[in-house]
Amino acid sequence: MPQRRNRVRRQLAAPFVAAVPTGTRTRTRLHVSDQDASVLWQAGTFLGSLAGRDLAVRCAEGRLDPSEQADSKRERKRTMSVQCSSRQAGTITRVSDEQYRMADRNLRKVRDSLRRRVRAIETRVSIPVGEKQGRTRGYATPAERYQKLNRLKSLKADLVRVEQDIAEGKVSVVRGGKDLLRKRGGLNAEQLEEWRPRWEAGRLFLIADGDKVAPWGNYTITWNPDKSWVEVVLPKPLAHLANRPGCRYRLDCEVTFSYRGDEVAAQAATGAVHYEIVPDAGTGRWHLEASWKTNPGPFVSLEELRAGPAVAIDLNDGHIAVAVLRADGNYIGAPFTIPLDLEGQPAAVRDGRLRAAVTTVIATAKKHGARAVTIEDLDFEEARAEGRERTGNRPSRGKRGKRFRRTISGIPTAKFRNRLVQMTSNVGLSVIVVDPAYSSRWGAEHWLGPLREQHPETTGHHAAALVTGRRGLGHRARRRANGNRPAPEDAGRPAPARARKPPTARPAPRKRVVPPGAWPPRGSKTGLPDRTTVRNQVSQDRAAAPTERYPRSLSDEERYLPCEG
C-alpha cells in the first residue's frame, strides 16, 4: 500500500476585521425633457473632447515626480480654462492623472502576469516529456511541449514590449472602454448604429468635484434639496443655451433622492458633494449620482465580535453556503444555500443579485442577533495571473482546466466582499476575514458527517462555511470530544489526555530472491518468488506426503550421482 506523503501545513494567517468604507454613494433618476437631454448631451460631448485631449497630453508626458506632476496639472488647467470654467478644468485634469496612474498600475500587473507564465512554461519545458521532478511534471506529449514552446516565444515577445513601455512610462487608455472599442471591428452597418450611441455615451464628461464653500456643496452641478432643482454650469462656447444667469442651465424636472435623500441634503448643507450625470444609451435614461466622504464609526474589536453569534458564508460559483454559529462554535439551526446565478447576465443584473444575496445574509444576522459576518480572504490573484499555465493541485489543461478557469472567473470575490462590507456597515454589522486554507478539507473531515446526521441535505460547502465561522470566532476546525469550550471550573486545568491504542506491529517487508527484471522473461505469466529463505526440499515431486527430508544441503558429489537403470 503506498504511503501518503507528509506535506508541511502552511501557517494560517490571523483573522482580522475588514475596514469600513470612508465614503457614501447614491443615485437617482433624472426625468429630463428632450430639451434638457439635448443640452446635457452637448455639454457632455464638449467637455468629453477636452478630457480626451488633456488625457493625450498627460499620457505623452510619461511618468513624472510629484513636483513635475503639479506643474503639469497647473499648466494644463490654465490652458483649458479658456474654454470652460476653472472648476471644470480642475476636475478634468484630476481625472486624467488618476487614469494615467491606474493604467500604469495595470501595466505592471500585466508584466507580473507575463513573468509568471514564462517562468511556469520554462520550468515544465526543462523536464523531459512524461517525467516528473519533485512536484513538477513535464508535458504529457511532445506535441503539447512543442505548442508550449511556441507560446513561450510569444509571451517573451509581449514581455519585452511591456517592459519597454514601463521603462518609457508609456500607457494605453481608451476613453469609453477598451471592450466596447474591440467590438467595433466585427459589426455590420445595422449593428454599428446600435453601437455608436453607447460609445458616445461612454465618452461624455459630466463630472463635478464638490466644494464645501460653494452653495449646496458644489458650484458646477448644484442640487437644491428644498426646491428640488438641479443646475449645471455650461462651457463658455455653449453659453447661448443657458437659461439662468452665470452661464447656468436649470433642468425642467424635479429631482429627489428616494434613497438617502436626508443624508445628501445634510451633506450638501454642511460640506462638499461630488456629482456625476450618467446617461444610459440602452434605455435613454439619465441618472444623477452623489457621493461624499464620511467619518467611519467606532471600531469594534475582534474580541467584542467573538462574544456573540456570527454568520459564516462560503462563496462558490452559482451559490453561497450560509451557516449560523454561536459564540462557542456550534451551529444554530440548519445551514442553507443562497442561489447566485450570475453567468451571462448584464452588469446591472449581477449587481442586483449580489445585493439581494447580501440582504439575505444581513436578515439572517439580525434574526439570530449576530454582530459579525465571517468570510474567506479569497482573491484568486495567483490563479488569474498564471491562467492556463498554472500547475499544482488545480487542473490547468484540457476540459478540466477550462472548467476550472471558468469557475474562477465566475466567482465575484472582490465585488461580493466590497458590497458586503458596504451594506453591513450601514446596518451596524462587521465583517471578519479569515484565512481560507484547508477549510473545505477539514470541514468535510470533521463536520460533514455530524451535520448530515441531523440535516441530510447538507453539503461540503456548508461544512466549509462552518469551519470559516469557527476560525473567525477563535476556535479550531476540529471539535473537542467533550465540547468546544471547557467548563469554568475546568478552565484552569489542562485537558485530559486521550487514551491511545498501541500501534500494531507490521510485518517486515518481503525481499525478492531474484532481482527485478532478471526473471521471469518478458511475456511470461510466472510470478516472482517472494520467500525470504530457502526451505527444505523434498525428494520427489508428487501429491503424496514426502518420504524423506534432507536436514542439510547436498554436496556437489551427491547432487550429481548418475541415475541407475
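This report walks through the sheets, the cores, one helix and two cysteines of a predicted model.

**Overall picture**

The protein has 565 residues, and 37% of them are buried. Its secondary structure comes to 16 helices and 15 strands. If you look at contacts with a separation of 6 or more, 66% of them link residues 24 or more positions apart.

**The three-stranded sheet**

Let's start with a small open sheet, where 3 strands run in the order S6-S7-S8 and pair in the antiparallel sense. Its edges are S6 (221–224) and S8 (248–250); each has a single partner strand, so one side of each lacks a neighbour in the sheet. On average, and ignoring direction, neighbouring strands here are turned by 20 degrees against each other.

S6 and S7 make a hairpin with 4 residues between them, and Ser228 in that turn has a positive phi of about 60 degrees. Within the pair, Trp223 sits opposite Val230 in S7. On the other side of the pairing scheme, Val232 has Tyr249 in S8 as its bridge partner.

What about the faces of S6: which residues cover them? Ile221 and Trp223 lie on one side, Thr222 and Asn224 on the other, and all of these are buried. So S6 is an edge strand because it has a single partner in the sheet, yet both of its faces are covered.

**The four-stranded sheet**

Another open sheet has 4 strands in the order S2-S10-S9-S5, again with antiparallel pairing. Here S2 (23–30) and S5 (207–208) take the edge positions, each with a single partner strand, so each has one side without a neighbour in the sheet. In the pairing of S5 with S9, Ile207 stands opposite Glu276.

Here are the strand pairs with their bridge counts:

| Strand pair | Sense | Bridges |
|---|---|---|
| S6 and S7 | antiparallel | 4 bridges |
| S7 (229–233) and S8 | antiparallel | 3 bridges |
| S5 and S9 (274–280) | antiparallel | 2 bridges |

**The cores**

Nonpolar side chains in soluble globular proteins tend to be buried together. In this model, the largest nonpolar core has 40 residues, and Tyr275, Ile277, Trp286 and Leu288 have the most contacts inside it. At least two residues each come from H1 (34–61), H3 (86–125), S6, S7, H7 (261–270), S9 and S10 (285–293). H1 gives the largest share, 8 residues. There's also a second, separate core of 27 residues, including Val373, Ile375, Phe416 and Val433.

Trp286 is worth a click in your viewer. Leaving out residues up to four places away in sequence, its contacts include Leu30, Ala37, Leu40, Trp41, Leu204, Ile277 and Val278.

**Helix H1**

Does the length of H1 agree or disagree with its residue count? H1 has 28 residues, which at 1.5 Å a residue should span 40 Å; the end C-alpha atoms are 41 Å apart, so the two agree. After H1 comes Gly62, with a positive phi near 80 degrees.

**Two cysteines**

How many disulfides does the structure hold? The count is 0. As for accessibility, the cut-off for buried is under 20% relative accessible area. Cys59 has 18%, so this residue is buried. Cys247 has 22%, so this one is partly exposed.

Terms used:
Residues numbered from 1 in each chain as written. Predicted model: local features only at pLDDT ≥ 70, side-chain atom pairs only at ≥ 80, totals over all residues. Heavy atoms only, no water. Pairing = 2+ DSSP bridges. Axes fitted to C-alpha atoms, helices over the stretch in contact; angles between N-to-C directions. Disulfide = S-S within 2.5 Å. Buried < 20%, exposed > 50% of the residue type's maximum accessible area, 1.4 Å probe, protein only. Core = buried A, V, L, I, M, F, W, Y, C linked by side-chain atoms within 4.5 Å. Contact = heavy atoms within 4.5 Å. Expected span 1.5 Å × (residues − 1).
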